[in-house]
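Here are my notes for you, point by point. Keep the 3D view open while you read, and look up each residue as it comes along.

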Amino acid sequence: MRAVVVETPGDLDQLRLMDSVERPSVGDNDVLVRTAYAGMNFMEVLIRRGDYLRNPKYPLILGSEASGIVEEVGSAVTDFKAGDRVAVLSGDRGCYAEYVCVEQTHVVPIPDAMDLRTAAAYPLQVLTGWGILFASARIQEGDWVLVHACAGGVGLALVQMARIAGCQVIGTTSSEDKAELAREMGCEHVINYTQQDFGREVRKIVPEGVNVICDSVGKVNVIGNLRAIANFGLIVVFGYASGEPKYDDKLLWGRSCGITMNGLYHLVPHRREFTRAVRETTQWILDGRLKLHIGQEYDLSEVQEAHRALEGRQSIGKLLLRINSELK
Ligand SMILES: NC(=O)c1ccc[n+]([C@@H]2O[C@H](COP(=O)([O-])OP(=O)(O)OC[C@H]3O[C@@H](n4cnc5c(N)ncnc54)[C@H](OP(=O)(O)O)[C@@H]3O)[C@@H](O)[C@H]2O)c1
């Protein structure tokens, strides 16, 4: 099968499209999926560079989510069968390929009305956003929520879901194009952090500070976040595009505020919560309240170009890799 392999971590030229990689073998609990599209995520840049928090073993096939059609299931699989249309979450590897094999708990059922292009843009970023807002922050109607990188994949999902829950949303981003898209998606206030100090700007908009901060940028945001957070607020760190953040306990005391981390793969095993997350988010997508903005599509052979955009803050919304896009 064709697949994008990273032999050793490094620059863009470590992304190699190979023609004859062995198809993964199917264990008892596994589901083998013929992929239509792979969704692209910033974490794949970190994995390619060797900067991921838990660095995986290399060489690997890159890619952490995809949509497609079930080709084969293991003997212990009860919930899926060959021919089912699905999305998959594959952890730190596997999806930039014509076939991907995952445990059945990592297969996400999709409604009949959802096409496979939308399905590839859906699970990783939307379910991460759901976990941040509803499992970690437990947002309430009327809360003020600050979303960093608000025009990115997870960012746009966070903005829209916080609005669905009745919150007021402030976003930060680096350009006017991105700010405009975030506003279109419901972000009431957008701060361009390259021109303004976001912590001070937040206090002008909401003098008591925000109740929740969703932060995937990390290190460079620490001071601004401490300025922006309200007393008793919660900072949810779920990424570190600028490096790992370090918070001084004494400063957190100064606001009686908290800090927590959120990872999608802690939501997946909580089957009741995870099922609720899938049910709610697929419904919001189908009824049009949650829009998945697909910014750009690339062929597998253009994977380096796609990574350049993601890494260089040029991507807006979701990027997709076309693999077997004729699959329906
Ligand atoms: N914890 C989890 O389970 C989980 C799951 C999925 C994703 N994540 C994390 O969530 C974040 C967003 O993921 P995504 O796939 O939706 O990516 P994305 O937001 O579409 O792209 C990354 C964005 O981060 C911003 N950014 C700020 N500082 C940056 C820097 N130094 N280098 C590059 N980008 C920088 C840029 O937006 P602006 O131009 O607006 O600043 C950039 O467009 C990533 O950090 C990812 O690792 C975590």
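1. Overall size first. A compact globule of 328 residues would have a radius of gyration near 20 Å, and the protein chain comes out at 19 Å, so the two agree. Bear in mind that you're looking at a predicted model. Along its principal axes, the C-alpha trace spans about 55 × 40 × 35 Å.

2. Now for what's inside. The protein chain holds 11 helices and 16 strands. Of its 328 residues, 48% are buried. Take the contacts between residues at least 6 apart in sequence: 68% of them join residues at least 24 apart.

3. How is the chain divided up? The domain assignment gives domain 1 (3–122 + 292–322) and domain 2 (129–265). Notice that domain 1 is written as two stretches of sequence. Taken over C-alpha atoms, the centres of the two domains are 28 Å apart. Where they touch, domain 1 puts in 8 residues and domain 2 puts in 10. On the domain 1 side, that contact is made of 2 nonpolar, 4 polar and 2 charged residues.

4. Next, the ligand. Which residues are closest to the ligand? They are Phe42, Gly152, Gly153, Ser216 and Gly239, out of 27 residues that surround it. Helix H1 (42–49), helix H3 (123–136) and helix H4 (153–164) are the elements that give two or more residues to this shell. Sorted by class, the shell has 11 nonpolar, 14 polar and 2 charged residues. Why can we say that the ligand lies between the domains? Because domain 1 and domain 2 both give residues to the shell around it.

5. Helix H1 deserves a longer look. Is H1 mostly covered or mostly exposed? Mostly covered: 6 of its 8 residues are buried. Those six are Phe42, Met43, Glu44, Val45, Ile47 and Arg48. Phe42 should ring a bell, since it is also among the residues closest to the ligand. The buried residues of H1 pack against E1, E2, strand E3 (30–40) and helix H11 (303–311).

6. Stay with H1 and find arginine 49, which sits in this helix. Arginine 49 has 17 C-beta neighbours inside 10 Å, so it counts as partly exposed; a residue needs 20 or more to be called buried. Leaving aside residues up to four places away in sequence, arginine 49 touches Pro9 and Gly10. Its C-alpha atom is 9.5 Å from that of valine 6, although the two are 43 residues apart along the chain. After H1 comes glycine 50, with a positive phi near 85°.

7. There's a small sheet to trace. Its 3 strands run in the order E2-E1-E4, and the sheet is open, with antiparallel pairing. Strand E2 (15–18) and strand E4 (60–61) are at the edges with a single partner strand each, so one side of each has no neighbour in the sheet. Strand E1 (residues 3–6) is joined to E4 by 2 bridges. In one pairing you can check, valine 5 has isoleucine 61 in E4 as its bridge partner.

8. Last, some backbone geometry worth a second look. Most residues other than glycine have a negative phi, and most peptide bonds are trans. Now compare a few spots here. Tyrosine 58 and proline 59 are joined by a cis peptide bond, with omega about 0°. Proline 59 belongs to the loop between H1 and E4.

9. Two residues other than glycine have a positive phi to look at. Alanine 149 has phi near 50° and lies in the loop between strand E9 (144–147) and H4. Phenylalanine 232 has phi near 70° and is part of strand E13 (residues 229–237). Are these residues buried or exposed? Alanine 149 counts as buried because it has 26 C-beta neighbours inside 10 Å. Phenylalanine 232 has 11 such neighbours, so it counts as exposed.

Terms used: Residues numbered from 1 in each chain as written. Predicted model: local features only at pLDDT ≥ 70, side-chain atom pairs only at ≥ 80, totals over all residues. Near = placed C-beta within 6 Å. Helix = DSSP H or I, 4+ residues; strand = E, 2+ residues; numbered from the N terminus. Nonpolar A, V, L, I, M, F, W, Y, C, P; charged D, E, K, R; others polar. Domains from an automatic or database assignment. Pairing = 2+ DSSP bridges. Rg over C-alpha atoms; globule rule 2.2 N^0.38 Å. Buried ≥ 20, exposed ≤ 12 C-beta atoms within 10 Å, placed from the backbone. Contact = placed C-beta atoms within 7 Å.
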